[in-house]
Amino acid sequence: MAAPGENLRIDSDRLWDSLMEMAKIGPGIAGGNNRQTLTDEDGEGRRLFQTWCDAAGLTMGVDQMGTMFARREGTDPDALPVYVGSHLDTQPTGGKFDGVLGVLGGLEVIRTLNDLGIRTRHPIVVANWTNEEGTRYAPAMMASAVFADMITQDYAYDRRDKDGKRFGDELERIGWKGDEPVGQRKMKAFFELHIEQGPILEDEGIDIGVVTHGQGLKWLQVTLTGREAHTGSTPMPKRRNAGLGMARVTELVHEVAMDYQPHAVGAVGHMEVYPNSRNIIAGRTVFTIDIRSPDKEVLDEMDARIRDGIATICEALDIGFEIEQVGHFDPVTFDKDCVKAVRDAAERLGYSHRDIVSGAGHDACWINRVAPTSMVMCPCVDGLSHNEAEEIYPEWAAAGCDVLFHAVVETAVIVD
């Protein structure tokens, strides 16, 4: 494969301007974004992206999960496309770059090819995957999971948010339910650019993370059921306190994760307490547990220990429990040739780089099951993400997108 010349770089100012323009849609309350999946804001962000794709001469396809596929034709109509992309949806208190950098970085690859008049043999397709975050609707990476046949479309459509609204109904409401069957597309390769969401690259002064593996993940939703009672007049030994149970499970999760250092992590995240009154002992709590490890055996051991621990805690407190697994993927090993393309691009361009394991889940983790896949990471300030204060510098975005450009274009094969 012919590699692009090291002098070829993306338009960093245009990339940054696009990121800032997209950030105007669904502004958060503290400088970030709230553009949750299938909201009106999500729909508005999609329309802006389509406008930019139209201007770049791309043709848009949308599948039945609402994933957008913007295609630049290659010279060989029978050649498998090279895919690139990420997601435009955000956390409720999300930043301006998580996911968005990967989609708009993919668009910038196309714009740069157009500027330079470069043709590739393989088509290039920029993807915006629906519901990567999994905040409004669990599980995360939902559309890519359906694409990879890890969950069914019917299951995805029937997921409900906290207000009881169905995913399928909301997808239709915002006007982004496509006609294309999910998963029918074949790929030569898939590349995803993303901020690290951790502190390693910045701490070590490294420009580029070459992602070789992804951590496995399990999300457990736990419901504890006790008995509501007056906080002032109920004797301590008579209480069936679901709130106390949640507190003890939170400590359990931390202890289990600490036993598998240095790579395992775990925490309780989303929490709901009922009836959530200051003078009523909690009769029910619903919360999620997030555990991760790059080792499947460790992940399964953590899962088993937490389940056993919950049973023991609830027996001691005389409360009931239910555990539902609402998200899961096994540890991922990315394609060695795609990883090499990323590493070679960083070296060709003179960027410092290191191999890295992704601690977060990404659409690339599911697409890796159906196509050769890798990821490019750039640093983020203080390793902070899933927070409105999430920040990167324009030069970090440019370096990541330069590497993405070279890896994608080398794989798509330049035509003289």
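**Exercise 1. Work out whether L38 is buried or exposed, and say what stands out in its backbone.**

Start with accessibility. In this predicted model, L38 has a relative accessibility of 0%. The cut-off for buried is under 20%, so L38 counts as buried. Next, find its place: L38 sits in the loop between α1 and α2. Last, look at the backbone. Phi of L38 is near 65 degrees, and that is a positive value in a residue other than glycine.

**Exercise 2. Move on to T39 and describe its surroundings: where is it, is it buried or exposed, and what does it touch?**

Place it to begin with. T39 lies in the loop that runs between α1 (12-23) and α2 (40-55). Now check its accessibility: the relative accessible area is 16%. Since buried means under 20%, T39 is buried.

Then look at the side chain. One of its polar atoms lies 2.6 Å from the backbone oxygen of Q36. Finally, set aside residues up to four places away in sequence, and you'll find T39 touching R136, R173 and I174.

**Exercise 3. Give M141 the treatment you gave L38: find its loop, its phi and its burial.**

Go to the loop between β5 (124-128) and α4 (142-147), where M141 has its place. Read off phi next: for M141 it's near 50 degrees, a positive value in a residue other than glycine. For burial, the relative accessible area of M141 is 3%. That is under the 20% cut-off, so M141 is buried.

**Exercise 4. Find the stretch that UniProt labels "domain: Peptidase M20 dimerisation" and describe it.**

The UniProt record, an unreviewed entry, puts this feature at residues 215-312. Look at the two ends of that span: their C-alpha atoms lie 28 Å apart. Then look at what it's built from, which is 35% helix and 35% strand.

**Exercise 5. Show which kind of peptide bond, cis or trans, leads into P262 and into P275.**

Take P262 to begin with. The bond from Q261 to P262 has omega near 20 degrees and is cis. You'll find P262 in the loop between α8 (242-258) and β10 (265-274).

Now P275. The bond from Y274 to P275 has omega near 0 degrees, and it is cis. P275 has its place in the loop between β10 and β11 (280-281).

**Exercise 6. Work out how α10 packs on α12.**

Locate the pair: α10 covers residues 336-349 and α12 covers residues 394-412. Their axes are 8 Å apart, and the packing angle is about 125 degrees. Angles of 65 to 115 degrees would count as roughly perpendicular, and those over 145 as roughly antiparallel. The angle fits neither class, so α10 is oblique to α12. As for handedness, the crossing is right-handed.

Which residues meet? On the α10 side they are A341, V342, A345, A346, R348 and L349. Facing them in α12 are D402, V403, H406, A407, E410 and T411.

**Exercise 7. Do the same job for α1 and α12.**

Here the axes come within 9 Å and cross at roughly 110 degrees. That falls in the 65 to 115 range, so α1 and α12 are roughly perpendicular to each other. The contact is made by S12, L15 and W16 from α1, together with P394, A397, A398 and C401 from α12. For the handedness, α1 passes α12 in a right-handed crossing.

Methods:
Residues are numbered from 1 along each chain as its sequence is written. This is a predicted model: local features need pLDDT of at least 70, side-chain atom pairs count only at pLDDT 80 or more; totals for chains, interfaces and linings use all residues. Side-chain values use heavy atoms; hydrogens and water are left out. Helices (H or I, at least four residues) and strands (E, at least two) are DSSP runs, numbered from the N terminus. Buried means under 20% relative accessible area, exposed over 50%, partly exposed in between (1.4 Å probe, protein chains only). A polar contact is a pair of N or O atoms within 3.5 Å; within protein, one must be able to donate a hydrogen and the other to accept it, and residues adjacent in sequence count only if both atoms are side-chain atoms. Contact means heavy atoms within 4.5 Å. UniProt positions are given in the numbering used here, feature names are shortened, and annotations may be inferred rather than shown by experiment. Axes are lines fitted to C-alpha atoms, for helices over the stretch in contact, and angles run from 0 to 180 degrees between N-to-C directions. Angles under 35 degrees count as roughly parallel, over 145 as roughly antiparallel, 65 to 115 as roughly perpendicular and the rest as oblique. A crossing is left-handed if the near helix is turned anticlockwise from the far one by less than a right angle, and right-handed if clockwise.
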